Number of protein chains: 2
Amino acid sequence: MDFISNNNGHLLSKMATNDGHGEKSPYFDGWKAYDSDPYHSTKNPNGIIQMGLAENELSFDLVQEWVVNNPNASICTAEGANEFKEIAIFQDYHGLPEFRKGVANFMGKVRGDRARFDPDRIVMSGGATGAHEMLTFCLADPGDAFLVPTPYYPGFDRDLRWRTGVQIVPVVCESSNNFKITKEALESAFQGAKESNIRIKGLLITNPSNPLGTVLDRDTLKTLVTFINQKNIHLICDEIYAATVFNQPDFISIAEIIEEEDQRNCNRDLIHIVYSLSKDMGFPGFRIGIVYSYNDAVTNCARKMSSFGLVSTQTQHLIGSLLSDDVFVEKFLVESAERLAKRHEKFTKGLAQVGIGSLKSNAGLFIWMDLRRLLKEPTVDAETVLWKIIIHEVKLNISPGSSFHCSEPGWFRVCFANMDDEAVKIALRRIWNFVLQSSKGVEEHAKRKCRNLQLSLSFRRRDDIVMAPHMMSPHSPIPSPLVRAT
Amino acid sequence: MDFISNNNGHLLSKMATNDGHGEKSPYFDGWKAYDSDPYHSTKNPNGIIQMGLAENELSFDLVQEWVVNNPNASICTAEGANEFKEIAIFQDYHGLPEFRKGVANFMGKVRGDRARFDPDRIVMSGGATGAHEMLTFCLADPGDAFLVPTPYYPGFDRDLRWRTGVQIVPVVCESSNNFKITKEALESAFQGAKESNIRIKGLLITNPSNPLGTVLDRDTLKTLVTFINQKNIHLICDEIYAATVFNQPDFISIAEIIEEEDQRNCNRDLIHIVYSLSKDMGFPGFRIGIVYSYNDAVTNCARKMSSFGLVSTQTQHLIGSLLSDDVFVEKFLVESAERLAKRHEKFTKGLAQVGIGSLKSNAGLFIWMDLRRLLKEPTVDAETVLWKIIIHEVKLNISPGSSFHCSEPGWFRVCFANMDDEAVKIALRRIWNFVLQSSKGVEEHAKRKCRNLQLSLSFRRRDDIVMAPHMMSPHSPIPSPLVRAT
């Protein structure tokens, strides 16, 4: 028998043959580069250090200690195995009651008990990834769009768009304003979409912000609530970094705002929270995503959809116990924030020593590093050139702003909580060497090109940028040996 | 501020406001009825016995024993907790290497090592539910359709259709032929779709069959392979009941067929297997679904999609160890099949004592029970009436054939492996009482209506139906007290 055709392009769906999965991005390319040459302190000390992964591994000792001291929480210990059968066969998409209770309790504790969460509204999903897709399926039809302030997490291009056919309309935020989300930017994006006949169904924000590491203030949150109510569109608040706030100001959850807000001012049916334990607890492998909607119909629909990505009951069982233990939870939250603060300080101070600034931040597992002055010119191409040097020569996988749809070239997200102190030291040393070498290159270049001009190697000082005494020149040319090597 | 509108129908997606989730079916209604009045041997001995859930709980003692004896396999024991961090932060969608290796090994063992599975082709999904949706997204565009032989698992209406916009075109199979899938039925369905301008993208079969409990023979499998190659459409083989085959004939996997088949006769790019540990191991709570495609592009695309429903690494880690232990696996497979065979025999013999027959079967966790003779008339309405009596009066949640899209009223799927021996005894007693009461009703009715007519209370004997000496009259009227009570 002869085949009619072995043309996969025809055999497969459009979805399978387009690039809607969004992996063709420097964000993911960086991961692949890391995978091909991963740093290891002894086995591969010259490998690439992974600073593109927002992992939180600073407080695992606390969890491990709890786990060993609480063998009843696991179905795989002599103490807990008698529950193995009951847990392994449980497949109700409502989830184990103790899991929902534990998660609701934890969500409240993370927000300083200033908001309450109803266990019956906890809907599971396969990580925040699954949660975002589920909400999009519930709220929008193919062709509809969500407003998303820039810079935003690259995975949203996959989660919100790929299988749903929904679009993202960026709300452009800029460094001149510390990337704040303004009413004007929202209106402008909304009107632009309207003129293009695109129906906006909602606004998605991340608070704390990924990649900025900043929290939204009360005024901004109220502006957003007013805006979405005026337009009668949804507000999706991704709060998966809620427990990573390590300095003032405190985190304010949308849950607090709407509990304060008069219901005449806010239609709760429009408000939805995405949560996860991947960042706050550091368990991305467990795939615990949560949709918490104040809209009953969305809660019911999302729960039905959750059949496509439920959390393993083995994991539900463990997490239910862990997060119901208030003594552990309170200790963990305090200790984790302290460790993040310490690491953040060490890292930003280390960068400042060679004049690298970053957006002032108090949350997240990363900084938003300002390398604008190292760009040959203020373009995405120049940013990409610099990024390739950093990944292949400096051997650090950091993520360029363009992959976060940042409107301004030269910003990079650098993760600092997925490594030990030793790796931080090495990463900082690599950056120092690179910057010093670049500076030397800049100086030589400057001497050659314009002997009479004295370049100021300092950034202009700004309050929102973490600064240092030794600074780079604006748009300084990259030393040619490095450029050639990419 | 006043709301513009609080009309969820407008605010939400069409997907959220239609009933595409498929839960409005007697299949799911039965579960809800059970939930409202669940049988318990001491707490609620008159409650509804759940026979609508294809769970396999007969061999958990073997797993529990292994788990306690292998504390290293868990990250929650003193012996394994040192791996907690490494496992909890692992989120690569390729999955833990030991998990893929274990699953591939198990898939081979289940098929008597007559087929080999490549760990690099193992793609995770949120149960078989997620696997079917992922494959549908990969293979078909909205509006396209899959052929699915009837009767078929009710969840397919959700998995294949709801979020994908894909349709199902039934291939009608009938009891006259033991519900065999014939070339003629396939051609007829394919041509019917063509005439309606529906593009058929594939054929989905379950082997062993849910709900029939039968396996496909070699000739039928070859017919299917020829058919899909001629039409250049995909063949999706749901083999999630592969290890539940407890009697001859042996299970033949599509993997064996295509390994035997000359590649000129079969385009391997068209062949995809859905697997899961929910039935064969009895772990539906763990949400371990597998897509195993022979098509590289599908494997790659499905892996990207798996981000929406990965298996918890805590569970991957445990399962990787468990399924790599050949001594355990071989013992489990033999013992599990023996226990299923015993339970199946006990159950079918018990039914036969009161003249209830079922399709001859050798696999699965259920029987396909023939109650055609108890129908008032051969219609779906009459089947629904009978089903309501059985659930609300007889207090057994079984699933009517209509919910499986069976073309012939009067068949019911009855699960037998999700309960202990005591519950089986009680379930059988309830059926006996019901049938005897019905028979009495039939007799009285018959005596009243036609004193001179002697009703034969026997079914016509057929080899494909498990029979018993005391039989019911065809289309016997249901005793009125029960009818009124629904």
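Lys85(B) reaches across to the other chain and forms a salt bridge with Glu57(A), their closest N and O atoms sitting 3.1 Å apart. That pair belongs to a set of 6 salt bridges between chain B and chain A. Keep in mind that this is a predicted model. Here's a tour of where the two chains meet, what is packed inside, and how some of the charged side chains pair up.

**Where the chains meet**

- Chain A puts 89 residues into the contact, and chain B puts in 89 residues too.
- If you want a number for the size of an interface, people often quote the accessible area lost when the parts come together.
- Here, about 7,900 Å² is buried between chain B and chain A, with 60% of it coming from carbon and sulfur atoms.
- There is polar contact as well: 24 residue pairs are found across the interface of chain B and chain A.
- Helix H7 of chain B, covering residues 127-139, supplies the largest share of the side of chain B that touches chain A, at 7 residues.
- Sort the residues on that side of chain B by type and you get 41 nonpolar, 31 polar and 17 charged.

**The nonpolar core**

- In soluble globular proteins, nonpolar side chains tend to end up buried together.
- The largest nonpolar core in this model has 336 residues, and the ones touching the most other members are Phe84(A) and Phe84(B).
- Leaving aside residues up to four places away in sequence, Phe84(A) touches Ile75(A) and Cys76(A) in chain A, plus several residues of chain B, including Phe60(B), Val67(B), Phe283(B) and Leu318(B).

**Salt bridges, across and within chains**

- Side chains of opposite charge can pair when their charged atoms come close.
- Over all chains, the whole structure holds 52 salt bridges.
- One of them joins Lys32(A) to Glu23(A), with the closest N and O atoms 3.9 Å apart. Lys32(A) counts as partly exposed because its relative accessibility is 44%, while Glu23(A), at 8%, counts as buried.
- Another links the side chains of Lys109(B) and Asp113(B), at 2.9 Å from N to O. Lys109(B) is buried at 16% relative accessibility, whereas Asp113(B) is partly exposed at 48%.
- Asp157(B) and Arg161(B) also meet through their side chains, at 3.2 Å from N to O. Asp157(B) is the buried partner, with a relative accessible area of 10%, and Arg161(B) is partly exposed at 36%.
- Salt bridges can also join up into a network, as they do for Lys14(A), Asp141(B), Asp144(B) and Arg199(B).

Definitions and conventions: Residues numbered from 1 in each chain as written. Chains lettered and ligands numbered in written order. Predicted model: local features only at pLDDT ≥ 70, side-chain atom pairs only at ≥ 80, totals over all residues. Heavy atoms only, no water. Core = buried A, V, L, I, M, F, W, Y, C linked by side-chain atoms within 4.5 Å. Buried < 20%, exposed > 50% of the residue type's maximum accessible area, 1.4 Å probe, protein only. Contact = heavy atoms within 4.5 Å. Buried area = accessible area lost by both parts, 1.4 Å probe. Salt bridge = Lys/Arg side-chain N within 4 Å of Asp/Glu carboxyl O. Polar contact = N/O pair within 3.5 Å; in protein donor to acceptor, adjacent residues only side chain to side chain. Helix = DSSP H or I, 4+ residues; strand = E, 2+ residues; numbered from the N terminus. Nonpolar A, V, L, I, M, F, W, Y, C, P; charged D, E, K, R; others polar.
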